[in-house]
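Student: I'm new to this one. Could you walk me through how to read its helices?

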Amino acid sequence: MDEKARLKRLGIGAAATLVLTILAAIVFGSIAVPLALAVGLGATLLLGGGLAKK
């Protein structure tokens, strides 16, 4: 995977994490924000959006 595709996935993952975090805060309150951030970051890294070369 080239660097451009990796950065694109990182951007998409960051945007999805932001939306997930806002929705979790609205629906479940502030207690769900750390969980939403952890899930979003984990999904981004598992999908290959990290900056490290593989």
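Student: What span should the 26 residues of H1 have, and how far apart are its end C-alpha atoms?

Tutor: Helices here are DSSP runs of H or I, at least four residues, numbered from the N terminus. The expected span is 1.5 Å times one less than the number of residues. For H1 that gives 38 Å, and its end C-alpha atoms lie 36 Å apart, which agrees. Keep in mind that this is a predicted model: local features need pLDDT of at least 70, side-chain atom pairs count only at pLDDT 80 or more, and totals for chains, interfaces and linings use all residues. Residues are numbered from 1 along each chain as its sequence is written, and side-chain values use heavy atoms, leaving out hydrogens and water.

Student: At what angle do H1 and H2 pack?

Tutor: Axes are lines fitted to C-alpha atoms, for helices over the stretch in contact, and angles run from 0 to 180 degrees between N-to-C directions. H1 (residues 3-28) packs against H2 at about 160°, with the axes 9 Å apart. So H1 is roughly antiparallel to H2 (over 145 degrees).

Student: Which residues make the contact?

Tutor: Contact means heavy atoms within 4.5 Å. Among them are Gly13, Thr17 and Ala24 of H1, and Ala36, Gly40 and Thr44 of H2.

Student: Which residues of H1 are buried?

Tutor: Buried means under 20% relative accessible area, exposed over 50%, partly exposed in between (1.4 Å probe, protein chains only). In H1, the buried ones are Arg6, Gly13, Thr17, Thr21 and Ala24, and their cover includes H2.

Student: Is Pro34 buried or exposed?

Tutor: Pro34, in helix H2 (residues 33-46), is exposed, because its relative accessible area is 55%.

Definitions and conventions. Helix = DSSP H or I, 4+ residues; strand = E, 2+ residues; numbered from the N terminus. Parallel < 35°, antiparallel > 145°, perpendicular 65-115°, else oblique.
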